[in-house]
Amino acid sequence: MALLQISEPGQAPDPHQRRIAVGIDLGTTHSLVASVRNSVAECLPDAQGQVILPSAVRYLDNDGRQIGSDALRAQAEDPQNTLVSVKRFMGRGLKDIANADKLPYQFVDKPGMLAIQTRAGEKSPVEVSAEILATLRFRAEDTFNDDLYGAVITVPAYFDDAQRQATKDAAQLAGLNVLRLINEPTAAAIAYGLDQSSEGVYAVYDLGGGTFDISILRLTRGVFEVLATGGDSALGGDDYDRALVEFVQSTTSCEVATPSDKAQIMVVARACKEALSQHDSVQFEVTLSSGAIACTVTRAQFEEACKPLTQRTLNAVRKALRDAGLQKQDIQGVVMVGGSTRMPHIQTAVADLLGCEPLTNLNPDEVVALGAAIQANQLAGNNPNGELLLLDVIPLSLGIETMGGLVERIVPRNQTIPTAMAQDFTTYQDGQTALALHVVQGERDLVADCRSLARFELRGIPPMAAGAARIRVTFTVDADGLLSVAALEQHSGVQANITVKPSYGLSDDQIATMLQDSFKTAEQDIKTRALVEARVDADRMWLATQSALQADGDLLSKEERSHIESLMAATLEAKKLEDAAAVEAATEALAKGTEAFAAQRMNRGIQNALSGQHIETI
């Protein structure tokens, strides 16, 4: 009797043709790894059966280290060498870290990176994250007793290019092949959409340990389209812990003096916060270097202390709805992601705002990793017949600087990625052989109000008259949300390009206010842009006239030249005014005043061209 080979639906009969791919949720407070086994996504446990790995690394003497629960247990006694919540520091500089003085770390601000001083030397957030990712990689390889083909790693939707690149660098350092970076809310939608075959418009409210994201998605026949995204990359459960600590300090007048005190009171605050999700009141007890603290904290007191934080998340939800062009009644369901969404007042606030009960079918701690595993399984080619199509968006517009310090947006915010968009530009001056390109990100009209991402130059442009060159600038955003920019002069074929890898990410304040400022200052921005454009046009007209006078000024009588020069002087004076209409009027007067001169120059050009020519050769 012979054996019959069996296989899972949509998979190759030969098990050796199957590629092992995993999804990793690299979280602020804890991380997980998941994979599709037997056609079902599931989180992979460690040797002790635990699926959650605390995102903590403790550095010991002689290059030793503890990762996960062992490190977390030592946080209070060895806070300066036990690094937690480093996800908040990814792709950032010291100036970007809020409340740095309240953290128990000794930060080292170095060009291009941030580091933390430990007994094992300076450690960057990328290195610490790589330790966590490597631990998850080993767990997966031990589970399958084989090497991994690749991994899909999730990031907050509001992570900018620097933070995403730092995440990829950490994965590479951990020996992982990154198949894709996907947004955490999108990963959650993948898990819910496939499990429930849901269709319609959904909100994904993701409040983790260190970041908050809100995404509005449309789910239709396996297509996950992100309509709008928003959030705050510096708001999460850690902030609720700190709010509770500040409340306790205000009621007890306790002094938190040492790094050990800071770490210890945060550990107690987190435990108290979690207990308040189950009980109406909890005892807050901790012994610090200045003495013992013991007080009762009620759920109502905690919710009141955290009210401003919760309101920040709700404001982001309202903004995302406006960006998507939707009303709250258009939302068919709300997916809750992240352990912080277990707080009852969070679920109540979201339900009241959107008018529907949140979906909690899946474990909020695991749902992101499960969705990433489903995506990884498809990208590895294990489910070639899968119909999943992922359409993410970029959070902020991308563009370049033009004359006058203006921003020309090339890729608008909420543009579906991957994408490639191009726009043509030209030179400003006669004989210009090089062009400096300044890549920026933001919603304002002036470069000074946006985030600078990168600079590069296009050289070797053939000398031409101003406006003759045709330079195509192409922005390419890949599926991971990473940007590359290319410039091509179309007549000569000279080109230059750059992969944008900014050293620091957007600061907390920039992320929170960039979009708000674009609306608050819209009217002023329009006026400012009009004035700058009018001044640029005036400059170009003045330079063109000056060049013409130098070349063919002998065609004019003394009176005619004097009149044109007076119009040029008037244009320069008008440029000093804060009135776009006045600048435009002066420029138009100069254009009209030189029309006869332009006709004379044209006639001379024709005569020179015809000189010595026979009619038959024309």
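Arg459 is exposed, with a relative accessible area of 57%. The model in which this residue appears is a predicted one. This report considers salt bridges at the surface and in the interior, and then a buried strand.

**Salt bridges**

Side chains of opposite charge can pair when their charged atoms come close. In this structure, 25 salt bridges are counted. Arg459 takes part in one with Glu457, and their closest N and O atoms are 2.6 Å apart. Its partner Glu457 is partly exposed, at 41% relative accessible area.

A further pair consists of Glu573 and Lys576, whose side chains meet at 3.3 Å, N to O. Here Glu573 is partly exposed, with 47% relative accessible area, and Lys576 is exposed, with a relative accessibility of 60%. Salt bridges with shared partners also unite Arg58, Asp61, Asp78 and Arg119 in one network.

Is the salt-bridge residue Glu184 buried or exposed? Glu184 has a relative accessibility of 4%, and it counts as buried because this value is under 20%. Its salt bridge is with Lys87, and the closest N and O atoms of the pair lie 2.6 Å apart. This contact links distant parts of the chain: Glu184 belongs to helix 4 (residues 184-196), while Lys87 lies in the loop between strand 7 (82-84) and strand 8 (107-110), 97 residues apart. Lys87 is buried as well, with a relative accessible area of 8%.

The three pairs are set out below.

| Salt bridge | N to O distance |
|---|---|
| Glu184 and Lys87 | 2.6 Å |
| Arg459 and Glu457 | 2.6 Å |
| Glu573 and Lys576 | 3.3 Å |

**Strand 18 and its neighbours**

Strand 18 comprises residues 333-337, and five of its five residues are buried. In a regular strand the side chains alternate between the two faces of the sheet. In strand 18, both faces are covered: Gly333, Val335 and Val337 are buried on one side, and Val334 and Met336 are buried on the other.

Which strands pair with strand 18? Strand 13 (residues 200-207) runs parallel to strand 18 and is joined to it by five bridges. Within this pairing, Tyr205 stands opposite Met336. Strand 19 (residues 358-359) is also parallel to strand 18, and two bridges join them. There, Val334 of strand 18 is opposite Pro358. Between strand 18 and strand 19 the chain passes through helix 9 (residues 344-354), forming a right-handed β-α-β crossover.

Key
Residues are numbered from 1 along each chain as its sequence is written. This is a predicted model: local features need pLDDT of at least 70, side-chain atom pairs count only at pLDDT 80 or more; totals for chains, interfaces and linings use all residues. Side-chain values use heavy atoms; hydrogens and water are left out. Buried means under 20% relative accessible area, exposed over 50%, partly exposed in between (1.4 Å probe, protein chains only). Helices (H or I, at least four residues) and strands (E, at least two) are DSSP runs, numbered from the N terminus. Two strands pair if DSSP finds at least two bridges between them. A crossover is right-handed if, with the strands pointing away from the viewer, the path from the first strand over the helix to the second runs clockwise. A salt bridge is a side-chain nitrogen of Lys or Arg within 4 Å of a carboxyl oxygen of Asp or Glu.
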